[in-house]
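Welcome to a short tour you can follow in your viewer. Get the model open, and we will go from the whole chain to a few side chains.

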Amino acid sequence: MPTGNKDLLVEPPMGKVSTVSALGPTLGLDIGGTKLATAMVTPDGRHHGLQIAPTRREDGPDDVLRRLFDLGRASIDAAGLGSPWAVGISCGGPLDALAGVLECPPHLPGWLDIPIADTTSREFGVPTVLENDATAAALAEYQFGAGVCARSLIYLTVSTGIGGGSVIDGQLHRGATGNGGELGHITVRPGGRHCTCGRRGCLEAYCSGTQIAARAAEAVALAQETGRRTELAGIEPLTAAHVSQAAARGDAVAVDVWQETVELLGQALTDLVNVFEPDVAVLGGGVTRAGAMLLDPVAHIVRANAMGREAEVVRLELATLGDVVGVVGAAAVAWDRLGASH
């Protein structure tokens, strides 16, 4: 059921002083594979009239968009801030951000070349921008979350898959076609596990929540063949949360899987720190609910292996915006891309 109770979620701190303060409340729409979220977002980064509902992606794009727009109107009414200044949409790619077209996002099967920005503009009567969800989240954390005091930030979301984004010297990095920041597809094991992108050995193929669970299931099967005991045996469906919790209790099989996870994530993050030399590196997404179990060993690896002053300068933080990062990020990219013309 949709919910308008924003008290259930983390409120962001006051963000960076910028031109967004001169702009108006913006409607943020976040399209995920499992849930839709909408809210009106004010230029201080706070959300109002939050609505959440299942995506039901099997219903197809026409039905999902109809319900998304209904949620958006419910957010506008609940917020009581009047009509939105603009609309921002956050969604996983591949997409054409400048054209506002969802090309073929794998988490939304059958969504091929959907002109979502134009459709949304007609629906609400205001300008609309589309952005990759991880890129939008990076800007949200930079302006209103863990990166408020930073000049440069890299953001890695560790969830069903692994995505990322970066803000360098105050500028959001988008890449030549708007799909830059595929940080989950750094190769950590050449020739390794198959990845959803079609390559082998990507970070996502090892450290996403989906693949942590898959590796754990393989480890459980091997343990049973060799007579090794593990509390993970018999859990269906096995999740990354089960693995981190069992590892915290000292289960040897879970410890092995979790140790490989943090080692590969730390290795990838070290490379990113060496390349970008950010003030802060932020980890978000469902897997980070493990908290210190994830952050502490990853931070230790980065500090032990990053080059020179990068290791001394970078702060490693967990994301602070929680479940509202998508809607806040959607609004943030609308202000970022449309603000210069107002």
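For the charges on this tour, Lys and Arg count as positive and Asp and Glu as negative, while His and the chain ends are left out. Keep in mind that this is a predicted model. Now colour those side chains by sign: the chain has 25 positive and 38 negative ones, and the centres of the two sets lie 2 Å apart.

Next, switch to a cartoon view. You should find ten helices and twelve strands in the chain. The radius of gyration is 20 Å, close to the 20 Å that the globule rule gives for 342 residues, so the chain is as compact as a globular protein of that length. Turn it around: the C-alpha trace spans about 65 × 50 × 35 Å along its principal axes. Of the 342 residues, 54% are buried.

Now for the rings. How many aromatic pairs does a search of the whole structure find? It finds two.

Select Phe69 and Phe124 to see one of them. Their ring centres are 5.7 Å apart and their planes stand at 85 degrees, so this pair is edge-to-face. Phe69 sits in helix 1 (residues 61-79) and Phe124 in helix 2 (residues 116-124), 55 residues apart. Both residues are buried.

Then select Phe144 and Trp335. Here the ring centres are 6.4 Å apart with planes at 70 degrees, so this pair is edge-to-face. Phe144 belongs to helix 3 (residues 133-144) and Trp335 to helix 10 (residues 325-338), so the pair ties together parts 191 residues apart in sequence. Phe144 and Trp335 are both buried.

Technical notes:
Residues numbered from 1 in each chain as written. Predicted model: local features only at pLDDT ≥ 70, side-chain atom pairs only at ≥ 80, totals over all residues. Heavy atoms only, no water. Helix = DSSP H or I, 4+ residues; strand = E, 2+ residues; numbered from the N terminus. Rg over C-alpha atoms; globule rule 2.2 N^0.38 Å. Buried < 20%, exposed > 50% of the residue type's maximum accessible area, 1.4 Å probe, protein only. Charge placed at Lys NZ, Arg CZ, Asp CG, Glu CD. Phe/Tyr/Trp six-rings, centres within 6.5 Å; stacked < 30°, edge-to-face > 60°.
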